[in-house]
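Visitor: Could you walk me through how some helices here get their labels? I'd like the reasoning as well as the verdicts.

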Amino acid sequence: MFKEQLLRGPAEARPHGGEYTSRFERWDALASVRRRPRREFEVEGPGFFFPPELYPVVLHPIVAARGEAVVAGLLLQRLYDYLDFTTELENLAVIPVATKISRGRSGLVLPERMRADAHKIVTDEAWHAQFSDDFARQVATTTGCPRLGVDLPAGPAFVTRLDELRQRLPHGLRGVESLLFGIVSETLISGILSDIPRDDRLPSAVRELVRDHAEDEGRHHVYFRSVLKNLWPALTPSERRDVGPLVPAAIHAFLEPDYNRASYHLGGIGLSRDEIDQVISESWPAREVRQNISEAASQLTRYFSEVGALDDARTLSSFEEAGLVRIAHESEKTSHAPREVPA
Ligand SMILES: [Fe+2]
Ligand SMILES: [Fe+2]
């Protein structure tokens with residue numbers, strides 16, 4: 001069991017020989033685990049713990065009417081949730097797949113250099129998980145505000161969403177979803193990683209912590225794009241038809257707001273069930289959520305298009321239904337013009 005491959009069957013029998021250019025040559029000089037100090041949280045003047053625009057429930061009139069202290073408390077909980085999400089993501093989704101790659105158990109024949117670099121990703125991610133957990137503990141101790149909801153049995157929403165997605169794969173392909181989740185989560189550019197380091201309303205330690213993480217993730221992004229370039233040609237046409245249509249659900253699993261966690265916190269400030277539903281639906285209108293996800297995933301959608309994933313009709317319609325690509329008109333479908341333009 002422990003030695004099982006992510007993608008089953010003899011790896012040598014699958015097409016391989018993809019190119020790889022390492023971005024980890026100067027890892028010792030660049031990795032945050034080597035170069036950055038432990039970030040220490042200190043109470044600073046007025047400001048936010050998390051950008052309100054990235055947690056729009058706090059801008060809703062029903063919530064704003066509860067006063068500034070309530071809003072500040074919710075933003076602190078959102079920071080805790082982000083840190084908890086990070087620790088879970090690294091431990092459940094990224095470290096296991098990077099470990100399998102490093103030990104030659106991905107089911108793909110990958111360049112030796114790529115396997116060696118996977119060890120560095122494992123180390124980076126273990127550090128990210130550790131510093132996120134450590135930082136949440138520091139903030140809770142310093143502010144005296146406990147972390148609420150992090151011990152709920154379901155955990156962050158992406159965990160349940162990924163479990164559901166795994167169930168949709170044929171038994172013989174279970175395991176390959178780990179590679180898919182790794183590719184998706186590591187190549188998405190989240191608003192959090194890009195916006196928080198530049199947001200001077202936030203405590204400086206929060207910005208530095210997220211900046212440390214974002215810099216490492218730049219290297220991981222390039223790496224997992226290479227994983228995709230090696231994975232897709234190695235899948236049989238039938239495997240591609242099974243995996244491809246699930247990619248949009250994997251993207252949504254990572255980028256869609258965690259409605260349950262938000263509901264929990266809104267309940268915590270005394271909102272009724274009806275008020276919670278109203279705040280959630282009006283703060284995250286479905287159309288807007290789809291549009292934001294489509295924009296955040298546009299580069300990743302292009303990567304899937306480049307490896308030919310969207311050549312399969314069911315995969316293409318799954319991307320179209322999720323709003324990740326424009327729905328092609330019938331006339332375009334019969335032409336040879338490239339149509340997989342991210343919406
Ligand atoms: Fe990370
Ligand atoms: Fe990463």
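Guide: Sure, and keep in mind that this is a predicted model. Let's start with helix H11, residues 247-255, which is mostly covered, with eight of its nine residues buried.

Visitor: Which residues of H11 are buried?

Guide: They are Val247, Pro248, Ala250, Ile251, His252, Ala253, Phe254 and Leu255. To earn that word, a residue needs 20 or more other C-beta atoms within 10 Å of its own.

Visitor: And what covers the buried residues of H11?

Guide: The cover includes H6, helix H7 (176-187), helix H14 (286-296), helix H15 (298-306) and helix H16 (313-321).

Visitor: Take H6, then. Why are H6 and H11 called roughly antiparallel?

Guide: Check the angle: H6 and H11 pack at about 165°, with their axes 8 Å apart. Anything over 145 degrees counts as roughly antiparallel, so that is the label H6 and H11 get. Their crossing is right-handed. On the H6 side the contact is made by Phe158, Arg161, Leu162 and Leu165, and on the H11 side by Ala249, Ala250, Ala253 and Phe254. By class, that contact has seven nonpolar residues, no polar ones and one charged.

Visitor: What makes H7 and H11 oblique instead?

Guide: The axes of H7 and H11 come within 10 Å and cross at roughly 55°. Roughly parallel takes an angle under 35 degrees, and roughly perpendicular takes 65 to 115. The angle of roughly 55° fits neither range, and H7 and H11 are therefore oblique to each other. H7 passes H11 in a right-handed crossing. Leu180, Phe181, Val184 and Ser185 of H7 meet Val247, Ala250, Ile251 and Phe254 of H11. That contact divides into seven nonpolar residues, one polar and no charged.

Visitor: How do you know that H5 and H9 are roughly antiparallel?

Guide: Same routine. Helix H5 (residues 112-143) and helix H9 (residues 204-234) pack at about 150°, and their axes are 11 Å apart. The cut-off is over 145 degrees, so H5 and H9 count as roughly antiparallel to each other. The H5–H9 crossing is left-handed. H5 brings Met114, Asp117, Ile121, Asp124, His128, Phe131 and Phe135 to the contact, while H9 brings Leu209, His213, Asp216, His220, Tyr223 and Ser226. In classes, that comes to six nonpolar, four polar and three charged.

Visitor: On to helix H12. Why are its buried residues said to be on the same side?

Guide: The buried residues of H12 are Arg261, Ala262, His265 and Leu266. They cover an arc of only 135° around the axis, which puts them on the same side of H12. Among what covers them are helix H4 (68-102), helix H6 (157-167) and helix H13 (273-283).

Visitor: What makes Asn260 partly exposed?

Guide: Asn260 lies in helix H12 (residues 259-268) and has 14 C-beta neighbours inside 10 Å. Buried would take 20 or more, and exposed 12 or fewer, so Asn260 counts as partly exposed.

Visitor: Which residues is Asn260 in contact with, leaving aside neighbours within four places in sequence?

Guide: Ala154 and Ala157. Glu295 is 35 residues from Asn260 along the chain, and their C-alpha atoms are separated by 23 Å.

Visitor: And what follows H12?

Guide: Gly270, with a positive phi near 95°.

Notes: Residues are numbered from 1 along each chain as its sequence is written. Chains are lettered from A and ligands numbered from 1 in the order in which they are written. This is a predicted model: local features need pLDDT of at least 70, side-chain atom pairs count only at pLDDT 80 or more; totals for chains, interfaces and linings use all residues. Axes are lines fitted to C-alpha atoms, for helices over the stretch in contact, and angles run from 0 to 180 degrees between N-to-C directions. Helices (H or I, at least four residues) and strands (E, at least two) are DSSP runs, numbered from the N terminus. A crossing is left-handed if the near helix is turned anticlockwise from the far one by less than a right angle, and right-handed if clockwise. Two residues are in contact if their C-beta atoms, placed from the backbone, lie within 7 Å. Ala, Val, Leu, Ile, Met, Phe, Trp, Tyr, Cys and Pro count as nonpolar, Asp, Glu, Lys and Arg as charged, and the others, Gly among them, as polar. The arc is that of the directions from the helix axis to the C-beta atoms.
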